[in-house]
Structures are given as structure tokens and as C-alpha cells.
Amino acid sequence: MKVPYSWLKEFVDIQVSPQEVADRLNETGIEAVAYPFGERIENIVVGKILSVGKHPERDKLLVCKVSDGEREYQIITGATNVFPNGKVVLAKEGAVIQGKTIKPVKFGSLQSEGMLLSLEELGIGEDAEGILILPDEVKEGEDPNKLLGLGEDWIIEIEITPNRGDALSVKGLAREVGAVFGLKKRDKKPSVEIPQDDSIKIQVLTDKAYRYRGVIIQGVEIKPSPFDIQLKLIKAGQKPINNVVDITNYILLEEGQPLHAFDLDKIEGEVVVREAKEGEKVITLDGEERSLKQGDIVIADSKKVIAIAGIIGADNTKVDSNTRNILLEGAVFDNIQVRKTAKRLGITTESSYRFERGVDIQNLPNAQDRAVELILQTATGKATGYKDIYTKPYIPKEITLREKTTKRVLGIDIPKEEAKELLERLEIPTEITEGGTVSKIPAFRSLDLEREIDLVEEVGRLKGLNKLSETYPKIPTQAFRKSDEFNFDRRTRDFFKDIGFDEVVSYTFVDEEIYSILGLPVPPIRIKNYLLKIQSIMRDNLAVSLIKTLQYNLRFQNRDLKIFEISSTFFEDYEEIRLGLLATGKINRGFDFTKGETQYSTTQNWDFLKIKGAVESYLKMLGLDGVKYTQIDLPYINPYEGAKVSVNGVEVGYVGRIHPEKAEMLEIPKDTYIAELKLRCVGRTLNNQECGSDYLFNLWKNKDTVVFQELPKFPAVKRSLAFEVDEDLQVDKLLEAVKNFSPKIEAVELFDIYYLDENRKSVAVSVLFRDKEKSLSDEEVNQLVEQLVKDLQNRFNLKLRT
Amino acid sequence: MNLIDQIKALKEEALRLIDKAVDLEKLNSVRVEFLGKKGKLKAILKTLGKLSPEERKQVGQLANTVKEELEERIKQKEEELKKQALAEELKKNKVDITLPHSWIEVGSAHPVISTMFEIVETFVAMGFSVAQGPEVEKEAYNFDMLNIPPDHPARDMQDTFFINKEGYVLRTHTSPVQIRAMLTQKPPISIVAPGRVYRKDADPTHSPMFHQIEGLLVDEGITFRDLKGILKIFLETTFGKDIPIRFRPSYFPFTEPSAEVDIGCTVCKGSGCRVCKDTGWLEILGCGMVDPNVFDAVGIDWERYTGFAFGLGVERIAMLKYQINDIRLLFDNNMKFNHQFKGIR
């Protein structure tokens, strides 16, 4: 809300600069900035339009003759709201308007000797439609700078938090400024006499209109408002329309009370405030047809809806230049209902904005009568009567503020005398009692101040939270819990970063298309009111995001990628925190100088064993053994270069190469490798019961601690053995069989594989034999080898090669 | 020439040849020529028999000394030549030490995660535990129990993404983790909760997905001044010892009194710039004392306990720290952006 400083001063005798007012408001809880209203412009003058004619060649332009009292100017304008005798602001040669200096310009055959200015061009408004028309009483030749107060007045623009509807008016802000600076606010009392007339046909049929007060004014003359009212509205950022409408806006700004004027002669029968009927239609003042729902509050006559309560009036009873008699509505509607309806209809008006945040029900007659007074002054007419339907008068709530509560919350002593003083500055009547104060909350703060803590806040903010000195609490040690999940994530992150992967953070929402390309079912969680369709599915794996990141980078020629992400994937009842890896292209760069005279570039490319190595090293780093790789069945992974990964029988993820078909569809390199590991689970219940424990985090947390083993005392014997086996035998199985054959076999290492023919291959291993109790003799080892081979032959189609 | 002179001459010749030897092969042939079984010295010694015992002894001694001397000299020369040969070999195989390395490059940290972890660690160091909650959150935890009833204007402050799961939303802040903590623990409670949050908003300074850190301390005797103390430690740790700090009263439904915390603009140091919109201040976090209604919702007695809570946006701090001007860069993952952050934690 924009509040002209001069207007504010009508309510409070503030002597400091507008900037200081803004600063202090910021310190006490209302965001405020102060800036000058416009800026002085040289070479502008009030002009009177003598004539308006068409441009002979340009049909969108008009030619005006304008007098500044001394001479006549020919002005070409594109504005359409010019008319003979209209008073306008004329910028003459040399005036600087929005950074541009006015010079005579030719439009076709005609010369324009200046420019007629709009509010925007004057630097005081956003309305660029049409030029500013000044009231008739202004004389040509006058200085518009003085007239408009350009560069003289200031604007304080405030933004309130949702609880401070009371400050959304000039008067309300004056109250706040008064409280902050310890000044008393002045009120404006109307002196108009309106007879009560309960025969006025108004009925309230809903309990969501807390007060409804109608005033009948007859014989008004609709015309432009006096200039001072127009100017105030302009300064506050509003567009003057006509006297009656302007005054309702004026009072809304000044008193914070929304008012609505109906053309009384367009109302048919009785005015009823009631709930809307389902599907009831109304065309509102903005020209839109609105469809109402049960629960919405409307003002209706016998035939039609004439306003959506507290939000916007209907076109059918609008005040126009022919209006003679009006019904001036002043009301307070249920803030929640106004908000619901306004939100559903997608309208925010000055009126709904205030009703949603609370309007002072006690001040209604005062504000409305001020409006009546101003209407009578500017539009003549006679207020013939009012009817005030106010069935449950406001009873101020009493709230006790204990000194000890203030101390407990703020950490400082505020004696009750001081508390009383602070609260009374806010116009909250307060009495001192035993150990504290009791306040009677006025209606203008009734939504905000309901509990003791609310008063603590009031005294605290007036005292200045900024001024409180710091203390340092003991962090309760019994609350200290080891942050295992955080530490686990941190170790994981550090590991992959340190072994050369780049950390990425991608959106957790993706598009459906990638799921269909990858051949995956669409995951369960979807955003209903998404911003973009391509960001509407909550992913259930990280591969989709990693692939998207790759695609994006390919557009920038970033072809070598090794990235990781630790992030959420979404399932019906829980979320999995996963680790995702994607690698493609070169793994490193550099040169090898050992190969003689030529120094080769030695960049290596990613392959399955390398990405598997990254995964397995990570598991080793976590101290997890018992890693197994088994046949994978994922539609986007090449089944012959991919594997499910399990640790001690718990499946924890997969690693593999992209399926070449999918790579082609996705337009990504075929040597793209992806891995995903399930790190941990976050449930949606308080005890995470939906999660289970099949996660690396759980395995890590529950793993055995390392126990030191005695170092071997006796030497080991190494034997190399080559086996001929079937081509499709997985080496892992063979190695495991060798390792498990005898406790005297300490280690097995694969050193060579080659293919003998289509069906058979040779696998060479070196086996380390050791006895913990004694030195092994050659013979003993030979015997062990013999037994081993026999055992292996029982398991596999195997021959020892010699 | 008597034998003694012969030996002396032989020695001179041998020394000369040893000196001249250019490689081990040459040196070896000198050794064979003079000291070998059929060498020149042996040949001289073969004539020893013809001499008197006296002379024999004299010549024999000389021959031995010469032999030892020559052997010593050859050994020396050998070492010299080996050294030389090695030096040549090394030189031949020299490395251009300025060639690019062939080890893997270290990976880059993401500035947002890095900032988030750093902040969390500051609080962990003060004794806070790390808590977590789901991103698909119960509406009750995200709003109602935080004193944000349906149709309250405060719900407008956070444009919510709704999902196809009744009663759940994408959490709009990390504050519901407070509720989870208070429902599962009895006071005293001290947690920080980092995490992703979602709001329906997208422009150069707003992303529909971003990160927050929530903090909560509940115990007997916790005051607003304690909140100021803890936040001061955090802000000074993060932005430097002399950073100006300002508490402005504000409004959040789940705290009362509430405040926004500003720090002196880190870009212009308070003189006014585009980043701080000429105010000299940057809004950095929101905080306040836990509202009694929140305690009511989770069953904590406000007459006995008080608590404070705070929440901050990680992207904002990361963007300030690294002077990143568009939030969308953070989630594009263009490696030309990410690789700029190799040296950070």
C-alpha cells in the first residue's frame, strides 16, 4: 500500500523525515520504503486544449491546439481522451520526460511542438492509458510541479504481514507510527446527520455478514472529484473515476473500510445479503461472468445478484454518469469466506484484500459517514436514512499479560507499568493487575491479538527485538543424538567427489515421456497443479534425471561426464534416498611417457568394470563385504553388461551400460554407464515403519566392527593354476569355489582368461596357501591342489591345464 | 729395464687406459689386459722365479700394491661410468614435467549441497542433531499443526504443489520436521533439518524446488535472546566475525514473536547496490519463538517449555557466497558451471 506522507500527517504530527519513519517501521514489524512522489520537471505547463482535429495523413493521430495562456502550440498525440477545453500537462521543448528531451518532431507533414503527458510520463503512476486530464478549475499557465507536488511530497510504501490488516489504511498506519514514535493519533469525525430508517429494505440472511449498514443518498450528481481528492488517489496509486466511486476508494484508503455504492434505481425490490445458490451467475464490474457456489456470500435484490460480498460489485447496479440515487454499503464480512471465494474466482481487489485481513467493525459507522459527508460535499444530494444490521455487537476480548511470561519468552523484564504504556500507545486499553496487565482488545486488532503471547509480541516489537542482547543457551545434551544419516550421506558424497565424480542436483520432478522411452511404468506420485507438464511426475529413480543431465550437457559439447547425485526418489508410501552415478566418454586425460620415444595420450574410456569398480570401492569404503552381482532385468540396461548388486543377500541397486536401443532413442552415447544404489529410506509415518531395512545405511549401521586378526607367522606358498572351463561359467563362481575349498587357501587371484574356442575358455588363477600352525611343505601343497582340482571337477565341467 | 721399472711402466699405462675408458666394456678390457689371468701383470709375475728371494719379495710386494691400486682405480672408474651411464639413461628417458597428469580429476561439489552441509555442520558443532522428514508431507504437518489453518492468508505466502495423494502435499518448507521431532521426542529437543522443499514459483530468483534448513530448540528457559545468541554464532561463522546483523519483527504463523534476520549486504558492505536493492541489508532467514498453538498441537506444555525455531533458504546463501545471479543455473547442471566448484567442500 502506498501512503502519501502528507496524508499520513493529517492523522499524526510526525516531525521526522519520511525515511526515518520507514526505517522505524521496518524495525517494529512493517516493511516500508520511502521515496519522493515524482520529480520536478522543467518546461512543463498546464495547457488548455483549444481544438482537436484529425491528422490529415495518419489516422491514429490527433492534432491538438493547446494554449499555455501565452501562446498556442500544435501538439500531435496518439491519446484518445483529449477534448476541447480539457486541461492537460504540456511538455514543451526542453522538458526531459522519462530520460528523453522533448524537441519539435514532424509527424507526416505536421510538426508537433511538444507532448501531452500521462501519469506514467510524469513519473507518478503506472497508467499509461491516455493523458492526465486536470480539473476545470485549474488555469492554463499554472506550474504542474506545484499543482501535483512533484518532488515535494513523499510516498511511504508498506507491505504488511497477513496478521496486520489494521495497518492497511492511512489512519491505521498513523496509529502504528504514533505508537512507534510515542505520538497520539488524531481521528476525523464526520459531522453529517443521517436519520436511522429501519424501513429501508435490507435483510441479512447469513451469519457470515457480521455487520451490514446501508445509507440511502438521493439526488447525487456524478462528475469528476475535486482535484485534491483525485490527487490523493493518484499519489496512492489509484485512478480517479468519478466522485462517488472515488470517495468510496478514498475512505477505503484512509479508514481501511471497504465501501460499495450501488445505483439505487437499478435495484429491484429488497436487498438481501445471503448465500449464493450453486451455479448462480453474475457479471462483475470487470466485465467477467462469474459462477458462484453455495457458501459464497452475495448481495442480491429480488431478481439478481448485485455484488459478491466484500469482493466486487456487479455490472448491473454500477454507478454511472446517469446515477441519481445510491445505496452506499458499509459492511464487515467473514474474512475466511471472502478469502475462499476470492481465491476460487481468482480475484483480488482492494476490498477483498482488506476483508481477508480483518476490518474494524467498530469503526464502520464512522468511516461510512465520512464517505457520506464527502459525497454530499462533492456530489450534492441528501442522505435520507441508514439501516444498520449488527446483531452481535463486538465485545472486546480481555487478555492478561503476565510479567513472568514476557520474561520467559523475551528474556528481559518489562515491568507492568511499561507494558501498559506500550500497549496503550497501540490504542489497546490496558489496566494494571497483580503480576501483569489486562487489556481489552479493540476490534481493529481482534483477529491478530487473541492470546497472551500476542501481547508479548506487541511489547517486544515496540521495545525493539533488535535491541535485545544475546544470550547463549545450553544445548541440551540429553537431546543429542548421533546424526547417523547425515554422516552417512556426507561420507558417500565425499567419496564420490574425491574419486572424480561431479556432484549434481536435479529437479525431482520429471516428464512422463522419459519413462515411456525407458520402458518403465509411470511412478505413483504426480503433481496435480504443476507449473510445466514436463515437471509433473515425482521420479522413482535417479537414472531419469541423470540421463536428462547428460542430454543437457551434450548440447554444450560436454561429452565426458562422470556425475553423481544423492537425492530422493518417490514411492507411494515412502521416499528412497538414492545414489546415482552416470559416466560416459573419457575417464581421465593425460600422457604416458613410458612407451619409448613417443609420448602417448593415455585417456581411458569408461567400461563396465570401471563403473563397477566405483560402486565396489564405495561399498568397501563403507566396510561392507559380501557383494554379489547377478543377472539384471531392467529395460534400459544392456542385460549382458549390467548387474544387480547385492550385499549379504540384500539387493541394494544395479550397475550397467545403457541399452543400445535406448541410447539411440535418447540420443546419448552408447558407452553410457549408470549405477544406482539405495542408500536409505524416509517414511511418512513417524516411526518409518513402511521402510524396512534393505538399505545400505542399515547395512552400514549394523555391520560388525572390525576385529584385529593375528598376523601370519608361517610363510605362504603360491601356485598358479590354469583351468579349462565352459565359456559361460561366471568366473566369480570358480573363484569362490577355490577360495572356499580349504581354510588353508588364503587368497585367490585371477590373472588370465582366454577363449580356447566357442565353448571353452581358460581361466588362470594364482592361489595362496598358508597354514596358520606350521610351514606347508611342497608335498602338502601338491596334495591340496590335487584335492582342489578333484573338488572343482565335481562342480564344474573343468580340466586342469598343464 | 728391470722388473720394477717394467711394473711401474705397466702401472702408468694401465692408469692412463683406465682414465681413457669411455664405457664399462672398455674398462673391462683394460682390466683383462692388465689384471686378467693372462694379463700383463701376471705375465711379469711369471718371470719372478728368475729373481733372488730378496728381489722376488720386493717385486712381489710392488706387484701386489700395483694390483690393488689398479683394482681400486678400476672400481672407482666403474662407479663413475655407471653413474654417467645412468645419468645418460635417465636423461634419455626424461619426462616433460609440465605434461598434463593422467590421474583422475577430483570431482566438483555442488555449491548448494556444499553450503547446506557446511551450515548443518556449524549447528552440529554447537550440539544440534540432524533430523529429516519426507518431501511428500502430510498437509497437517506442513500447515495445520504449524498453526496455518485452511483458508488462512498465510497459506498464500507459500504456493503449494498438490499431488495425487489425498492429505499430502510437496512440503513447502522444512518446518514440518519440527512437528515430527516434537511428536517423537520429549523436550529437551535440539535439531536442525536440512532438505528439499517445493513452491509453485519460477523466475531468476525463485525455483520450484529449493533447499532449506530448519532449526528447533525446545527446553525450559529458552528465550528470544537465546535465539539471537545461536543465530549470531551461525551468522558470524558463515559470513565473518564483523557481519552486521539486524532482527526485524515479522510474522510467521508458527512462531511468536517472529523476526526476519538481515545481514549487512555482503556485496556492497552496506553502501547500497543492486543485490540489496540499495537497502544495505540482505534478508537471510526467518525465526521466532515457537507459537503456543504449535506446542498445543504436539502436546508440549507451553507454561513449562519455550522454544525457538528458525528457517533459512540455502540457495540464497549459496548464491550470495559465490555471487551466482540466476537460481536456475544451480539445477541446470551444465558441467561448465559445476566444474567451477572443484575446490569447495
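Select chains A and B together and look first at the area buried between chain B and chain A, which comes to about 9100 Å² with 56% given by carbon and sulfur atoms; buried area here is the accessible area (1.4 Å probe) that two parts lose on being put together, summed over both. Within the share that chain B buries against chain A, Asp151(B), Arg225(B) and Pro249(B) supply 8%, more than any other three residues. This is a predicted model, in which local features need pLDDT of at least 70 and side-chain atom pairs count only at pLDDT 80 or more, while totals for chains, interfaces and linings use all residues. Residues are numbered from 1 along each chain as its sequence is written, chains are lettered from A and ligands numbered from 1 in the order in which they are written, and side-chain values use heavy atoms, with hydrogens and water left out.

**Across the interface**

Colour the residues in contact (heavy atoms within 4.5 Å), and 108 residues from chain B and 100 residues from chain A should light up. Salt bridges (a side-chain nitrogen of Lys or Arg within 4 Å of a carboxyl oxygen of Asp or Glu) between chain B and chain A number 9. One to centre on joins the side chains of Arg402(A) and Glu303(B), at 2.9 Å from N to O. Next, select helix α8 (residues 224-239) of chain B, which with 8 residues gives the most to the side of chain B that touches chain A; helices (H or I, at least four residues) and strands (E, at least two) are DSSP runs, numbered from the N terminus. That side of chain B divides into 50 nonpolar, 28 polar and 30 charged residues, where Ala, Val, Leu, Ile, Met, Phe, Trp, Tyr, Cys and Pro count as nonpolar, Asp, Glu, Lys and Arg as charged, and the others, Gly among them, as polar.

**The sheet of seven strands in chain A**

Move to chain A and show the open sheet of 7 strands in the order β28-β31-β32-β38-β37-β36-β35, with mixed pairing; two strands pair if DSSP finds at least two bridges between them. Its edge strands are β28 (502-503) and β35 (627-631) of chain A, each pairing on one side only. Strands β31 (residues 561-570) and β32 (residues 574-584) of chain A are antiparallel and share 10 bridges, and here Phe564(A) stands opposite Leu581(A) in β32(A). Add helix α15 (residues 543-554) of chain A, which packs on the sheet, touching β31, β32, β37 (650-658) and β38 (673-683) of chain A, and whose direction makes about 145° with that of β31(A); axes are lines fitted to C-alpha atoms, for helices over the stretch in contact, and angles run from 0 to 180 degrees between N-to-C directions.

**The sheet of four strands in chain A**

Further along chain A, select the open sheet of 4 strands, ordered β40-β41-β39-β42 with antiparallel pairing. Because β40 (745-755) and β42 (799-801) of chain A each have a single partner strand, one side of each is left without a neighbour in the sheet. Strand β39 (residues 717-726) of chain A is joined to β42(A) by 3 bridges, and Glu724(A) stands opposite Lys799(A) in β42(A). Helix α19 (residues 731-741) of chain A lies across β39, β40 and β41 (760-769) of chain A at about 150° to β40(A), whereas helix α20 (residues 778-795) of chain A lies across β39, β40, β41 and β42 of chain A at about 20° to β39(A).

**Backbone stops in chain B**

Finally, zoom in on Pro187(B) and Pro188(B), which are joined by a cis peptide bond with omega of about 5°.
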